[in-house]
Amino acid sequence: MKDFIRSFNEDNFDKIVIHTGTNDINPLQNDIIINNMKEIYEICKSKWHNAEIIISSIMHYKFNTFQNDIVDTVNKGFLGVCEDNNATYMNNDHITKARDGTIDSEVYYDNIHLNETKGLRKLAANLKKHLKLSRQNNRNTGYPASKKPDWRFNRKKPKKTLEIGRAHV
């Protein structure tokens, strides 16, 4: 990921979202994961020094309490990176947790990945909030502000997985 960012030639970004997954979660690697995130942040900031950097928290597992404790520890480290560097922290806890703090199993289609009907919609809404986008001011939708597109999913046809971003840290 770091080499990809270094080699990326586009230079006119206002905002950059770093969204990470759970592939590298391991109880022995918490500090390494957090330091890698700090390095990724620093590389992004050095290339796009005027851009707002948004670090998205790692999503919880559906059934793995031990791994979720590690996710919480790493996310606290990500928050620290944001606080130390004036970056924006995008907390995703409300996507995978119910109001009582338990895991909301209705947002997953397996143990790790969010489903399209609830999970991805909540993640997309959180991204839109942090990017300060709405249907009215998003010029990339192709829809006039007066027309509302049909955002419903056809549940009968299988959909492709939407990966908004992935960084192996």
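**Figure 1. Ile-55 and Tyr-89, facing each other across two paired strands.** In this predicted model, Ile-55 stands opposite Tyr-89, a residue of strand β3. The strand β2, which spans residues 52–56, is joined to β3 by three bridges, and the two strands run parallel. Ser-56 likewise has a partner in β3, where it stands opposite Met-90. Most of β2 is covered, since four of its five residues are buried.

**Figure 2. The pairing of β1 with β2.** Strands of a sheet pair through backbone hydrogen bonds, and they do so either in parallel or in antiparallel fashion. Here β1 and β2 pair in the parallel sense, and five bridges connect them. One pair of facing residues is made by His-19 and Ser-56, the latter belonging to β2. Ser-56 also stands opposite Met-90 in β3, and a reader can therefore use Ser-56 to pass from one pairing to the other, as it faces His-19 and Met-90.

**Figure 3. The whole sheet and the helix that packs on it.** The three strands form an open sheet in the order β1-β2-β3, with parallel pairing. At its edges lie β1 (15–19) and β3 (88–90), each of which pairs on one side only. From one strand to the next, the twist averages 25°. Helix α3 packs on this sheet, where it touches β2 and β3, and its direction makes about 155° with the direction of β3.

**Figure 4. The contact between helices α2 and α3.** Two packed helices are described by the angle between their axes and by the distance between those axes. For helix α2 (residues 30–47) and helix α3 (residues 65–85), the angle is about 35° and the axes are 9 Å apart, and the crossing of the two is right-handed. On the α2 side, the residues that take part are Asn-30, Ile-33, Ile-34, Met-37, Lys-38 and Tyr-41, and these meet Ile-70, Thr-73, Val-74, Gly-77, Phe-78, Val-81 and Asn-85 of α3. Sorted by character, the residues of this contact comprise eight nonpolar, four polar and one charged.

**Figure 5. Asn-75 and its surroundings.** Asn-75 lies in helix α3, and because its relative accessibility is 4%, under the 20% limit, the residue counts as buried. Leaving aside residues up to four places away in sequence, Asn-75 touches Ser-57, Ile-58, Tyr-89 and Asp-93. One of these, Tyr-89, is the residue of β3 that Ile-55 stands opposite. Asn-75 and Ile-55 themselves are 20 residues apart in sequence, and their C-alpha atoms are 9.7 Å apart in space.

**Figure 6. Two residues with positive phi.** Asn-86 has a positive phi of about 60°, although it is not a glycine, and it is found in the loop between α3 and β3. Is Asn-86 buried or exposed? Asn-86 is exposed, because its relative accessible area of 75% is over the 50% limit. Lys-132, which is also a residue other than glycine, has a positive phi near 60°, and its place is in the segment after α5 (119–131). Lys-132 is exposed as well, with a relative accessible area of 56%.

**Figure 7. The protein as a whole, as a setting for the close-up views.** The protein contains five helices and three strands, and along the sequence these follow the pattern α-β-α-β-α-β-α-α. Of its 169 residues, 36% count as buried. Among the contacts in the protein with a separation of 6 or more, 71% are accounted for by residues 24 or more positions apart. The accessible surface comes to about 10900 Å², and 49% of this surface belongs to carbon and sulfur atoms.

How values were computed:
Residues are numbered from 1 along each chain as its sequence is written. This is a predicted model: local features need pLDDT of at least 70, side-chain atom pairs count only at pLDDT 80 or more; totals for chains, interfaces and linings use all residues. Side-chain values use heavy atoms; hydrogens and water are left out. Axes are lines fitted to C-alpha atoms, for helices over the stretch in contact, and angles run from 0 to 180 degrees between N-to-C directions. A crossing is left-handed if the near helix is turned anticlockwise from the far one by less than a right angle, and right-handed if clockwise. Contact means heavy atoms within 4.5 Å. Ala, Val, Leu, Ile, Met, Phe, Trp, Tyr, Cys and Pro count as nonpolar, Asp, Glu, Lys and Arg as charged, and the others, Gly among them, as polar. Buried means under 20% relative accessible area, exposed over 50%, partly exposed in between (1.4 Å probe, protein chains only). Accessible areas come from the Shrake-Rupley method with a 1.4 Å probe; for residues, only the protein chains shown count as cover. Two strands pair if DSSP finds at least two bridges between them.
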